[in-house]
Each structure stands twice: as C-alpha cells, then as structure tokens.
Amino acid sequence: MIREVTNWKIGEWIDFHIFRPDEKKGYIIYISGRPDFRMTASEKEEKVNQSKKVPVCIGHDRQSQNKKYWLYKDRLYWEIDNLEPQDMKLLLDERIEKRNRKLEKLKLTDTASENEIKREAISDEVKMYVWKRDGGGCVECGSKINLEFDHIIPVSMGGSNTARNIQLLCEECNRKKGGNLV
Ligand SMILES: [Zn+2]
C-alpha cells in the first residue's frame, strides 16, 4: 500500500544545541503541521536532488516502524511494505502516468464543454439578422426546409457566433459541407 501525503512542507529550523556551526541551521519536514524529519542543509540538498530521479527514503514513522516515508519528484509518500527504491520508482511512475492521463482527459472534456457553450450562444438577435439577410433560405441551394444556422468557420477552429460567421444552410448542404471539411 502506497499513499501520498498531501499536507506536508519543508521548513527551516535552527538548533542551538548542535555545536558544529555548519549544522546549526537545518531543515525539517512537517507532516500535518507536526515536525517530523530533521535534516542538515547538505542532507536536504542531497535528498531533494536525488528524489528528482529516484524515490528517497527519508525515515520511518515514529508510531509505526514499518511505515516508511519517501520523497519523489516534489511529492511525499508513505508505504508499509518495506519497499526498495526501485520498486517504489516503478509503482510511483505508474501512478504519476495514470494521473497525467486523467488530467489530459479532464482538459479535453473542458475544451469540449467550452465549445458546447459557444455553440449554444448564438443569440436570437444574430439568428434573426441572419435569417433576414439570407432570405429565409439555404445560401447554397435556396431550399426553405430543414434550415440550420451554420458556422462558416467551425467553432472548433475558432469561428465566432457573430452574424458574419453564421449562414443559413439546409440540412443536406450542411452535411455536404461537413464532409468537405473532413
Ligand atoms: Zn441547401
């Protein structure tokens, strides 16, 4: 079992009881506001740098010795299976990959719904204007049945909902146009 720790931060600390002056100032990882792992400045630098490439174990939980904390790519995790760094890397890479795919999917859905909003937003005013301008018939064949308001430049290619970009087309001519665009 691996879990990501969401509430954590690295803070600075100063310990006046340590006599080596270069180690007086250090860093500490807080988990849920509780100070947990202390590191000297050089340890912190080494661990953070290393954790950009491989998971780095930073220590065990105080309460449960088999709970290990790992730093990897600016995120903190814990596990209880006593894993090796290479196992952690495989598992975390898979996890990151999955999350990225999910984010990509969400982004695509967002764009789709934005387009949906734009498409819905042809105002009555514009429709009325286009209807009159195009003489209440298809601008291609003059048909007066099954008319549709067509985006000359499709919304998906950045076309707007202004009258200049909207025309009347019958269903048949609109399908033909769609086919040509593809
Ligand atoms: Zn037509």
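This is a short talk about the sheets, a helix and a few loop residues in one protein model.

Hi everyone. Before we start, please keep in mind that the model is predicted. Let's walk through it sheet by sheet.

Let's begin with the sheet built from three strands. It is an open sheet, its order is 2-3-4, and the pairing is antiparallel. Which strands sit at the edges? They are strand 2, residues 8–14, and strand 4, residues 34–40, and each of them pairs on one side only. From one strand to the next, the twist averages 30°.

Now let's look at the pairs. Strand 2 and strand 3, which covers residues 25–31, pair in the antiparallel sense over seven bridges. If you want a spot to find on your screen, look for Ile-14, which stands opposite Lys-25 in strand 3. On to the next pair: strand 3 and strand 4 are antiparallel too, over six bridges. Here you can find Ile-29, whose bridge partner in strand 4 is Phe-37. These two strands form a hairpin with two residues between them, and in that hairpin Ser-32 takes a positive phi near 50°.

What lies across strand 3 and strand 4? That is helix 1, residues 41–50, and it runs at about 95° to strand 4.

Let's move to the other sheet. This open sheet has four strands in the order 1-7-6-5, again with antiparallel pairing. Strand 1 (2–5) and strand 5 (56–60) stand at the edges with a single partner strand each, so one side of each has no neighbour in the sheet. On average, neighbouring strands here are turned by 30° against each other, ignoring direction. Strand 1 and strand 7 pair in the antiparallel sense over four bridges, and Ile-2 stands opposite Glu-79 in strand 7.

Finally, two loop residues. Asp-74 lies in the loop between strand 6 (68–72) and strand 7 (75–79). Its phi is near 65°, a positive value in a residue other than glycine. Is Asp-74 buried or exposed? Asp-74 counts as exposed because it has 8 C-beta neighbours inside 10 Å, and the cut-off for exposed is 12 or fewer.

The other one is Asn-146, in the loop between helix 3 (124–133) and strand 8 (147–151). Asn-146 is also a residue other than glycine with a positive phi, this time near 50°. Why does Asn-146 count as exposed? Because it has 12 C-beta neighbours inside 10 Å, and 12 or fewer is what exposed requires.

That's my tour. Thanks for listening!

Technical notes:
Residues numbered from 1 in each chain as written. Predicted model: local features only at pLDDT ≥ 70, side-chain atom pairs only at ≥ 80, totals over all residues. Pairing = 2+ DSSP bridges. Axes fitted to C-alpha atoms, helices over the stretch in contact; angles between N-to-C directions. Contact = placed C-beta atoms within 7 Å. Buried ≥ 20, exposed ≤ 12 C-beta atoms within 10 Å, placed from the backbone.
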